[in-house]
Amino acid sequence: MQFQTTRSFILASASPRRKELFSRLNIPFDIVTSDVEETSVQASEVAQYVTEVALLKARAVAKKTQGYVVIGADTIVAKDNQLLHKPKSSDEAMSHLRTLRSTAHEVLTAVAIIEEDGTETSLVEKTTVIFKNVSDALLEAYVATGDPFDKAGGYGIQTEGVFLVDRIEGDYLNVVGLPLASLCEQLISRKLISL
């Protein structure tokens, strides 16, 4: 599909996964990272937290650019309303993965859109992921790859983390980091892109 636009877009993300997914819209865009401190956000609900982080990223980039539609996103993994951030050590990665083993958890991605005139729109997509009852040996082998350390919850469904997953309920691309169908729907409804 080829979408049309007269707007200039910025993706406010350093994630190579989001860059690859956003490029599927086949519209030109630039990347500008925000360098915000995500842990500065306080919220009682995980959906509110992820939305505020996505807005924080988008606002930071919108402040230093003009004439662009800025898109920021954030993905979190939550188990029983508790966030499992990107692990900082092998022990923390193992702890995350043991917590997720044999159970269901939620992956939420918030997308914030800031238009040239400052109009803000946000959406949150939620996908349920169910992990297999895998052995500690498999978890340790996965952690040893180094893959968990830049990923919320300590795994990537698009990499070797797929061996831990039994099934999902919802949007697969949301778990990767950008709910492209919902984002596309929002961009069309706001007349930022068209067919």
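Is Met-94 buried or exposed? In this predicted model, Met-94 is buried, with a relative accessible area of 7%, and its place is in helix H3. Once neighbours within four places in sequence are set aside, the contacts of Met-94 are with Asp-136, Leu-139, Glu-140 and Val-143. The C-alpha atom of Met-94 is separated by 16 Å from that of His-105, a residue 11 places away along the chain.

These contacts of Met-94 belong to the packing of helix H3 (residues 90–100) with helix H4 (residues 136–144), in which the two axes lie 10 Å apart and make an angle of about 135°. Because angles over 145 degrees are needed for a roughly antiparallel pair, H3 and H4 are described as oblique to each other, and the crossing in which H3 passes H4 is right-handed. On the H3 side the contact is made by Ser-90, Ala-93, Met-94, Leu-97 and Arg-98, which meet Asp-136, Leu-139, Glu-140, Tyr-142 and Val-143 of H4. Sorted by class, the residues of this contact comprise six nonpolar, one polar and three charged.

Strand S3 (69–79) pairs with several other strands. With S1 it runs parallel, the two being joined by four bridges, and Ala-12 has Gly-72 in S3 as its bridge partner. With S5 the sense is antiparallel and nine bridges are formed, one of the pairs being Val-77 with Val-107 in S5. Two bridges join S3 to strand S4 (residues 82–83), again in an antiparallel arrangement, and here Lys-79 is matched with Gln-82 of S4. The hairpin of S3 and S4 leaves two residues between the strands, and Asp-80 in this hairpin adopts a positive phi near 55°.

In a regular strand, side chains alternate between the two faces of the sheet. In S3, Val-69, Ile-71, Ala-73, Thr-75, Val-77 and Lys-79 point one way, whereas Val-70, Gly-72, Asp-74, Ile-76 and Ala-78 point the other way, and all of these residues are buried. Since 11 of the 11 residues of S3 are buried, the strand is largely enclosed by the rest of the structure.

The pairing continues from strand S5 (residues 104–114) to strand S6 (residues 120–131), which are antiparallel and share 11 bridges, with Thr-121 of S6 as the bridge partner of Ile-113. S5 and S6 form a hairpin with five residues between them, and in its turn Gly-118 has a positive phi of about 95°. S6 is joined in turn by four bridges to strand S7 (residues 165–169), the two running antiparallel, and Ile-130 is found opposite Arg-167 of S7.

Helix H6 (residues 180–189) contributes Leu-180, Ser-182, Leu-183, Cys-184, Gln-186 and Leu-187 as its buried residues. These buried residues pack against strand S1 (9–12), helix H1 (16–22) and helix H5 (172–176), as well as against S3, S5 and S6. Just after H6, a positive phi of about 60° is taken by Lys-191. Leu-192 lies in the segment after H6 and counts as buried, at 2% relative accessibility. Residues up to four places away in sequence being left out, Leu-192 touches Gln-4, Thr-5, Arg-7, Phe-9, Val-69, Ile-113, Glu-115 and Leu-187. From Val-129, by contrast, Leu-192 is 32 Å away between C-alpha atoms, at a separation of 63 residues in sequence.

Loop residues complete the description. Asn-26, in the loop between H1 and strand S2 (29–31), has a positive phi of about 60° although it is not a glycine, and is partly exposed, with a relative accessible area of 40%. Ser-102, in the loop between H3 and S5, likewise is not a glycine yet has a positive phi, of about 65°, and is partly exposed, with a relative accessible area of 40%. Ser-34, in the loop between S2 and helix H2 (46–63), counts as buried at 15% relative accessibility, given that the cut-off for burial is under 20%. Apart from neighbours within four places in sequence, Ser-34 is in contact with Lys-57, Ala-60, Val-61 and Lys-64, while its C-alpha atom lies 19 Å from that of Leu-21, 13 residues apart in sequence.

Technical notes. Residues are numbered from 1 along each chain as its sequence is written. This is a predicted model: local features need pLDDT of at least 70, side-chain atom pairs count only at pLDDT 80 or more; totals for chains, interfaces and linings use all residues. Side-chain values use heavy atoms; hydrogens and water are left out. Axes are lines fitted to C-alpha atoms, for helices over the stretch in contact, and angles run from 0 to 180 degrees between N-to-C directions. Angles under 35 degrees count as roughly parallel, over 145 as roughly antiparallel, 65 to 115 as roughly perpendicular and the rest as oblique. A crossing is left-handed if the near helix is turned anticlockwise from the far one by less than a right angle, and right-handed if clockwise. Contact means heavy atoms within 4.5 Å. Ala, Val, Leu, Ile, Met, Phe, Trp, Tyr, Cys and Pro count as nonpolar, Asp, Glu, Lys and Arg as charged, and the others, Gly among them, as polar. Two strands pair if DSSP finds at least two bridges between them. Buried means under 20% relative accessible area, exposed over 50%, partly exposed in between (1.4 Å probe, protein chains only).
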